[in-house]
Amino acid sequence: MSIEANLSQVTQQITDFTRRYHRQDNSVRLLAVSKTKPLQALEEAYQAGQRLFGENYVQEAVEKRQALAHLSDIEWHFIGPIQSNKSRLIAQNMDWVHTIDREKIALRLNEQRPEGSPPLNVCIQVNISGEASKSGIALSDVPAMASLIHSLANLRLRGLMAIPAPQEDEQAQKEVYAPLHQIFLELAATDSMIDTLSIGMSGDLSAAIASGSTLVRVGTAIFGARDYTTA
């Protein structure tokens, strides 16, 4: 299937789930995870109407943004782990960052955001499964991190992001997401700019949308698996 057809299929799935769980139409945005994908694939997705693209690797993201600068309405999201020595490139080139998990990174991004640029939209990454191998802060630390980000003029807190451990079934997925959704609602009640709960990938779209997701991250279902034989 073509990228256009894949996008249509994923978009229909999102619409079906939003209606199943009595969510408003268009309340869940689709982030196309384009890491390792060639420029041609991104351009095909763009021509099919996709505007939000997510990248995990800083240098690759910067090169793609520069190469596609003529497509000025693309919204670039950084969704990978942030190394301190790469924070300046992220601050200079990204529109969104989903993976704020340390005070040091928040401070660096704030300091390194270019003068005259709009505030960088950011999400706090939460480790909701308590996995030692996963990035993210504990749920109990979210209020303090939110308070810090609110104090930084060049960052704009938009919400929370999480990548939970795989679960056996949809009900278990929902149970993992429930406390994250609750703290998201508490934050959103105090700040009208907090509107993004970045949860849900191909394997848990239904549970994530049932749990209040406003942005889902999908890659392979749109672009297909990477062909490593040509790497």
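## Close-ups of a predicted model

**View 1. Thr36 and its positive phi.** In the loop that runs between strand 1 and helix 2, you'll find Thr36. A quick word before going on: everything shown in these views comes from a predicted model. Most residues other than glycine have a negative phi. Thr36 isn't a glycine, yet its phi is positive, at about 70°. With a relative accessible area of 28%, Thr36 counts as partly exposed.

**View 2. His22, in the loop between helix 1 and strand 1.** Here's another residue with a positive phi: His22 sits near 60°, and His22 is not a glycine either. Its home is the loop between helix 1 and strand 1 (29-33). Is His22 buried or exposed? The relative accessible area is 74%, so His22 is exposed.

**View 3. Asp25, in the loop between helix 1 and strand 1.** Asp25 belongs to the loop that links helix 1 with strand 1. Its relative accessibility is 42%, so Asp25 counts as partly exposed. Setting aside residues up to four places away in sequence, Asp25 touches Thr18 and Arg19. Ser151 is quite another matter: 126 residues separate Asp25 from Ser151 in sequence, and their C-alpha atoms are 34 Å apart in space.

**View 4. Asn6, a buried residue of helix 1.** Look along helix 1 (residues 3-20) to pick out Asn6. Asn6 has a relative accessible area of 11%, which is under the 20% cut-off, so Asn6 is buried. Which residues does Asn6 contact, leaving aside its neighbours within four places in sequence? They are Met1, Ala221 and Ile222. From Asn6 to Ile79 the C-alpha to C-alpha distance is 22 Å, with their positions 73 residues apart in sequence.

**View 5. Trp96 and the residues around it.** Trp96 is part of strand 4 (residues 96-100). With a relative accessible area of just 3%, Trp96 is buried. Once neighbours within four places in sequence are left out, the contacts of Trp96 include Glu75, Trp76, His77 and Phe78. Also among them are Leu120, Asn121 and Cys123, along with Arg29, Arg158 and Thr196. Trp96 and Ile79 lie 17 residues apart in sequence, and 8.5 Å separates their C-alpha atoms.

**View 6. Arg29, a contact of Trp96.** Now shift over to strand 1, where Arg29 has its place. Its relative accessible area of 32% makes Arg29 partly exposed. Apart from neighbours within four places in sequence, Arg29 contacts Leu52, Glu75, His77 and Trp96, plus Thr214, Leu215 and Val216. What is the C-alpha separation of Arg29 and Arg217? It comes to 8.9 Å, although Arg29 and Arg217 are 188 residues apart along the chain.

**View 7. Helix 3 and what covers it.** Helix 3 (residues 58-67) has these buried residues: Val58, Glu60, Ala61, Val62 and Lys64. So what lies over the buried residues of helix 3? The cover includes two helices, helix 2 (39-47) and helix 4 (87-93), and two strands, strand 2 (52-55) and strand 3 (75-78).

**View 8. Helix 5 packed with helix 6.** Two packed helices are described by the angle between their axes and the distance between the axes. For helix 5 (residues 103-112) and helix 6 (residues 142-150), that's an angle of about 15° and a distance of 10 Å. Helix 5 and helix 6 are therefore roughly parallel to each other. Their crossing is right-handed. On the helix 5 side, Glu103, Ala106 and Leu107 come up against Met145, Leu148 and Ile149 of helix 6. Sort the residues of this contact by type and you get five nonpolar, one charged and no polar.

**View 9. The nonpolar cores.** The largest nonpolar core has 62 residues, and the ones touching the most other members are Val97, Ile100, Leu109 and Leu160. Helix 7 (residues 170-190) supplies the largest share of this core, six residues. There's also a second, separate core of five residues, with Leu31, Leu52, Ile79 and Leu215 among them. Back to Leu109: with neighbours within four places in sequence left out, Leu109 contacts Ile82, Ser87, Ile90 and Ala91, as well as Val97, Ile100, Leu120 and Leu155.

Key
Residues numbered from 1 in each chain as written. Predicted model: local features only at pLDDT ≥ 70, side-chain atom pairs only at ≥ 80, totals over all residues. Heavy atoms only, no water. Axes fitted to C-alpha atoms, helices over the stretch in contact; angles between N-to-C directions. Helix = DSSP H or I, 4+ residues; strand = E, 2+ residues; numbered from the N terminus. Parallel < 35°, antiparallel > 145°, perpendicular 65-115°, else oblique. Left-handed = near helix turned anticlockwise from the far one by under 90°. Contact = heavy atoms within 4.5 Å. Nonpolar A, V, L, I, M, F, W, Y, C, P; charged D, E, K, R; others polar. Core = buried A, V, L, I, M, F, W, Y, C linked by side-chain atoms within 4.5 Å. Buried < 20%, exposed > 50% of the residue type's maximum accessible area, 1.4 Å probe, protein only.
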